[in-house]
Amino acid sequence: MPLIGIPLARLLASIGKALSREELQAALESLGCDVEGFSVASRYSCDNCGHLTDILDSEPAAGMCPNCSGSTLSHQGTVEVVRINLLPVRPDLFDAHGLARALRGLLGLETGLADYTFKASGYTCMVERDVQEIRPWIACCVARGVTLDGDTLRGLMKLQENLHWALGRDRRRASIGIYDLDTLQPDFHYCSILPEEVEFVPLATSGSTMTPRRILEQHPKGIAYAHLLRGFERYPLLRDSTGRILSMPPIINSDDTKVTPQTRNLLVDVTGPDRAAVHRTLAVIASSLSDAGADVQTVRIVYPGHQEETPTMTPSRMILSVAYTWQLLGVKPEPDAIRESLKRMRFEAQPASPGSLEKFQVSVPAYRCDIMHECDLVEEVGIGYGYQQIAAQTQATARLAFTVGKPLHREELAELCRTVLTGLGFLETMSLALTSPQLHFTRLRLSSSSERPRLQNPVSSDQTELRAHLFSGLLQTLGSNSDARMPQHIFEIGDCFDIDEGSETGVKSTQKLAIAMAGANVSFASCRSVLEALSSELGLLIQMEPADSPLFIRGRGARILVSRVGHPEPALDWGTTGEIHPEVMESFGIRQPVALAEVSLDSLVT
């Protein structure tokens, strides 16, 4: 999960109460935040695009702007930060204002629903029919009276970046544009254009105009996200009433409308193919801007055939049973205590039936994207009530006997592999077991079998089936860190899945190990040397046989065969290795040669 640094002074000012570092850390951890601790960060500003970058004192100094790859950075001082691992399910906690809102409730300083009633801006965004087949949904808001000092501007840009990751799924489901409203002439038009139809100056360039086609081929952001528009003959575009271009969603904004420290009024848009993700993303941004003191206003979105006001901040309604809450928590707080716990978590709860406290009707804020089932509300009750108030109990068993646990052999083997690889300079990563055919097979030039373990009712289009290999997760990680220092050596140990009609669940899992090496001098030989060192530590003899795969460059792939030292049995087909194909590198936005290998650890378990 991404690690962010929230400026400590701004967070405490937003909370409105002086807290010691110990008190603040305890409150954050009660919310479920994984707090890494407190540190001092140096701040750098890019002389080319103005992007602000915070670098912890324990990290290497900034050498390149992550936004435009510019090499001229100016030191802007230091700031004390609290370091937190982001919770993907709680995007409302991604910035200081969202965190402060939740902490004020938990600490009893401000409970119940926050009021986000926004007046209309009077502005309209017309959605043309021709964009409906490309990226159909858009939601907008206006924020007036914004004061963008260094921390605020940095926080806004980081919130945008992290929402792209969590709710937008790397801009596939939703992407955000933020503009200086005073550079624009309302109303706005969301339409599509041909690849060579217009020219504009994109962000993070030297000031030269580019066509949409050139942006996708030459601009760093265009190269990274070109796959989102692949296959379309026309591209989305957002304009104002004079024809000035605001952005080319989901790729890049126009330099003419960029936000600066002098900006006081903002226009925010969110576009995407997933309506729910679009509206939830804007709700998070709008609530954060409102908490920062901005006058947030709605924008009317006019589609062919219907229209709506955005952002939609109306709370949703859910029913919570007191008996169900008692059953899941294992304790029985009074109904009034349940209600107060929900208010501390910034919900509102009223009796579902007059005169009865058996069930509550709970109002859920629009920015809470994680509340989908009654059990999610029970979890909120537990946090608000305080898990520390629930006494530990020993559960009665049928027989007063116990066993001493010990690691499974497969876990001991996995731990040995971790020790060897970290000793060789590798970093361990973890990726989701759920994936999609497009990410898992198409972008790797592999063919997907029709017999795959797929979800019947997936929550999103990018999490529709269980993974068959670990390569896509490693390549995504390398692509996300393509601007970081090279070489990069990473590995992952995890379960992969296949259909098995003979098993109880119909699915068989296999524990695999995969390594990835990226860098200017990386080759097939680099991967082989690591595999030989690993196999030696495992007491294995290793052999390589040529094997072609669409994933690898022709003639640079191989099957990995192993046998145990001192045992005459036939060699075991352990896995594959090779140098990845340039088309695969391009699809993941990787700029350095990459060698991969994947082996089955379960095949070694006797």
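A residue counts as buried when its relative accessible area is under 20%. With that in mind, here are some views of this predicted model.

**Figure 1. Helix α13, a mostly covered helix.** Welcome to the stretch from residue 471 to 480, where 7 of the 10 residues are buried. Those buried positions are Phe471, Ser472, Gly473, Leu474, Leu475, Leu478 and Gly479. Helices and strands both contribute to their cover: it includes α12 (437–440) and α15 (582–587), along with the strands β21 (488–499), β22 (507–518), β25 (572–580) and β26 (594–600).

**Figure 2. Asn162 in helix α4.** Is this asparagine buried or exposed? Asn162 has a relative accessible area of 4%, so with the cut-off at 20% it is buried. Its host helix, α4, spans residues 150–166. Leaving aside residues up to four places away in sequence, Asn162 touches Ile4, Leu86 and Phe94.

**Figure 3. The setting of both close-ups: a protein of 15 helices and 26 strands.** The radius of gyration is 26 Å, close to the 25 Å that the globule rule gives for 606 residues, so the protein is as compact as a globular protein of that length. Its C-alpha atoms fill a box of roughly 80 × 75 × 50 Å along the principal axes. Buried residues make up 50% of the 606. Among contacts with a separation of 6 or more, 70% join residues 24 or more positions apart.

**Figure 4. Surface and charge of the protein.** About 28000 Å² is exposed, and carbon and sulfur atoms supply 49% of that area. There are 56 positive and 73 negative side chains, and the centres of these two sets lie 1 Å apart.

Definitions and conventions
Residues are numbered from 1 along each chain as its sequence is written. Side-chain values use heavy atoms; hydrogens and water are left out. Helices (H or I, at least four residues) and strands (E, at least two) are DSSP runs, numbered from the N terminus. Buried means under 20% relative accessible area, exposed over 50%, partly exposed in between (1.4 Å probe, protein chains only). Contact means heavy atoms within 4.5 Å. The radius of gyration is taken over C-alpha atoms; the globule rule is 2.2 Å times the number of residues to the power 0.38. Accessible areas come from the Shrake-Rupley method with a 1.4 Å probe; for residues, only the protein chains shown count as cover. Lys and Arg count as positive and Asp and Glu as negative; His and the chain ends are not counted. The place of a charge is taken as NZ of Lys, CZ of Arg, CG of Asp or CD of Glu.
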